Number of protein chains: 2
Amino acid sequence: MYATAQSSTHRSANPGLAGLASRPAQSWPRRIELLAADTEIYAQGERSGTLYHIEFGAVRVYRLLADGRRQVVAFHLAGETFGFEADRSRSFFAETTVETGLRMMEPGDYDQCAPELMAAALRGMVRAQEHLLVVGRQSAVEKLAVFLLDLAKRQGDNDQIDLPMTRNDIGDYLGMTIETVSRNLSRLRDDGILRLRSSRCIEVLQPERLRKLCQ
Amino acid sequence: MYATAQSSTHRSANPGLAGLASRPAQSWPRRIELLAADTEIYAQGERSGTLYHIEFGAVRVYRLLADGRRQVVAFHLAGETFGFEADRSRSFFAETTVETGLRMMEPGDYDQCAPELMAAALRGMVRAQEHLLVVGRQSAVEKLAVFLLDLAKRQGDNDQIDLPMTRNDIGDYLGMTIETVSRNLSRLRDDGILRLRSSRCIEVLQPERLRKLCQ
DNA sequence: CGCTGAGTTGAAATAGCTCAACTCCTGTGG
DNA sequence: CCACAGGAGTTGAGCTATTTCAACTCAGCG
């Protein structure tokens with residue numbers, strides 16, 4: 001299931017920019033684990049502790065309700081670190097969304113409490129709370145606009161956006177159905193704001209108008 | 001605007017139980033600042049750093065959109081600590097929802113990085129992400145059930161729940177309108193699950209049925 | 001005792017959901 | 001290299017939960 005890798009598709013242009021702090025390279029092991037798309041990294045209830053640094057690819061972190069409804073609480077892209085938990089056991093599931101290269105780190109003890117870990121944890125909290133505003137208080141188009149601009153920024157502010165996840169993932173991240181995602185992307189396309197190069201690649205034609213949609 | 005206090009209404013029965021870790025008493029100053037209801041504690045953009053420990057009362061932490069839509073990202077009750085930020089400046093607003101007693105602490109430097117602060121920050125992140133599931137993926141009744149059970153637990157699992165906030169606050173916390181909050185509370189009352197003793201006090205008549213609603 | 005803000009209830013409007021049909025990739029095997 | 005199968009995405013039509021707008025009640029307070 002694992003293999004050591006040095007190349008893959010879906011590589012992000014700009015590691016280090018993104019959400020959670022990137023860490024000094026020497027503290028991460030050399031070895032990169034290559035995981036296929038849709039591979040489980042950890043599951044709710046498992047013992048927590050291990051942190052992960054994404055070399056390339058993307059990861060969804062999510063939670064489930066009993067009846068299968070799913071909320072993706074975060075996507076993590078190349079250059080980002082994830083796996084922080086408050087407890088000894090995982091509160092969430094983590095899976096790759098595309099072929100992904102990971103470095104793993106056993107932080108020994110959280111109480112060692114490196115400042116960078118603290119910073120990353122705090123950033124994770126703020127990101128989650130900002131996401132709450134989007135999910136709770138914005139309309140479908142607004143949600144998509146925020147999502148796309150966030151992705152664009154994390155990929156180095158190209159007007160070409162790579163979507164390393166399905167419409168289903170996006171829907172479960174933004175709290176809406178796959179059909180609503182699709183319809184509203186089409187709407188943004190019809191308005192001349194986006195061009196849908198392929199289902200996994202979007203070109204932003206009018207960034208200002210997209211930005212205006214975020215409020 | 002401030003005064004030193006030793007008593008107030010809306011005191012929570014069970015400090016220390018709640019969301020963010022309570023800290024060793026000696027690290028907090030003796031002095032309690034008394035704030036009236038709806039008093040600003042800090043605003044978005046202000047310099048961050050200060051942490052707050054709630055002696056009694058309640059606080060809402062929220063974010064605004066340009067057009068005034070509001071998302072309450074967290075309520076904090078007696079015994080809880082709040083004020084963590086990832087940045088040098090505040091990402092959120094914090095206000096009292098009722099008359100509240102606070103102790104303030106300048107943590108000098110976050111990089112000192114006490115393990116308890118790390119733990120509290122991580123719990124904050126997990127709470128926010130769990131809240132995301134509720135806001136993004138649950139129906140109005142389900143949201144209210146989760147909200148009430150959470151409040152009950154934090155108040156010591158009485159079947160009497162004190163609501164130290166308005167319907168507006170609740171709606172902005174759960175991502176719904178004040179009318180939907182009201183209608184669904186009435187519905188739970190009509191179903192015999194709740195008794196609305198007053199607009200700020202709810203008695204849970206059938207906890208199991210309420211729990212079942214959460215999925 | 002009446003005023004005011006909070007909460008409740010009703011009716012109509014609507015954004016997003018559900019169900020269903022259809023298209024379009026993509027990748028696999030002949 | 002092509003054909004075809006299956007999954008992912010799109011589009012349509014009708015439905016429904018929630019919102020919006022409005023009227024009304026109630027509790028607390030000067």
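The exercises below work through the contacts between two protein chains, between two domains, and between protein and DNA in a predicted model.

Residues are numbered from 1 along each chain as its sequence is written, and chains are lettered from A, with ligands numbered from 1, in the order in which they are written. Because the model is predicted, local features need pLDDT of at least 70 and side-chain atom pairs count only at pLDDT 80 or more, while totals for chains, interfaces and linings use all residues, and side-chain values use heavy atoms, with hydrogens and water left out.

**Exercise 1. Describe the interface of chain A and chain B: how many residues does each chain give, and which element of chain A supplies the largest share?**

Step 1. Taking contact to mean heavy atoms within 4.5 Å, one finds 45 residues from chain A and 45 residues from chain B.

Step 2. The buried area, that is, the accessible area (1.4 Å probe) that two parts lose on being put together, summed over both, is about 4,100 Å² between these chains, and carbon and sulfur atoms give 69% of it.

Step 3. With a salt bridge defined as a side-chain nitrogen of Lys or Arg within 4 Å of a carboxyl oxygen of Asp or Glu, the interface of chain A and chain B has 6 salt bridges. One of them joins the side chains of Arg137(A) and Asp172(B), with an N to O distance of 2.8 Å.

Step 4. A polar contact is a pair of N or O atoms within 3.5 Å; within protein, one must be able to donate a hydrogen and the other to accept it, and residues adjacent in sequence count only if both atoms are side-chain atoms. By this rule 12 residue pairs, both members at pLDDT 80 or more, are in polar contact across the interface of chain A and chain B.

Step 5. Helices (H or I, at least four residues) and strands (E, at least two) are DSSP runs numbered from the N terminus. On the side of chain A that touches chain B, at least two residues each come from strand E4 (58-64), strand E5 (70-77), helix H1 (115-137) and helix H3 (167-174) of chain A. The largest share, 18 residues, belongs to H1(A).

Step 6. For the classes, Ala, Val, Leu, Ile, Met, Phe, Trp, Tyr, Cys and Pro count as nonpolar, Asp, Glu, Lys and Arg as charged, and the others, Gly among them, as polar. The side of chain A that touches chain B then has 23 nonpolar, 11 polar and 11 charged residues.

**Exercise 2. Characterise the contact between domain 1 and domain 2 of chain A.**

Step 1. An automatic or database domain assignment provides the bounds, dividing chain A into domain 1 (3-124) and domain 2 (140-212). Their contact takes 19 residues from domain 1 and 16 residues from domain 2 of chain A.

Step 2. Between them the two domains of chain A bury about 1,400 Å², with 52% of this area on carbon and sulfur atoms.

Step 3. The count of salt bridges between domain 1 and domain 2 of chain A is 4, and the side chains of Asp169(A) and Arg70(A) meet in a salt bridge at 2.8 Å, N to O. Polar contact links 9 residue pairs across this interface, both members at pLDDT 80 or more.

Step 4. On the side of domain 1 that touches domain 2 in chain A, E4 and E5 each supply at least two residues, and E5(A) gives the largest share, 8 residues. That side divides into 10 nonpolar, 6 polar and 3 charged residues.

**Exercise 3. Work out which residues come nearest to DNA strand C and which phosphate contacts are found there.**

Step 1. A residue is near a strand if one of its heavy atoms lies within 4 Å of it. Of the 16 residues around DNA strand C, the nearest are Thr180(A), Arg183(A), Ser182(B), Arg183(B) and Ser186(B).

Step 2. Phosphate oxygens of DNA strand C lie 2.9 Å from a polar backbone atom of Ala140(A), 2.4 Å from a side-chain N or O atom of Thr180(A), and 2.8 Å from a polar side-chain atom of Arg167(B).

Step 3. H4(B) gives the largest share of the surface near DNA strand C, 5 residues, and this surface divides into 2 nonpolar, 7 polar and 7 charged residues.
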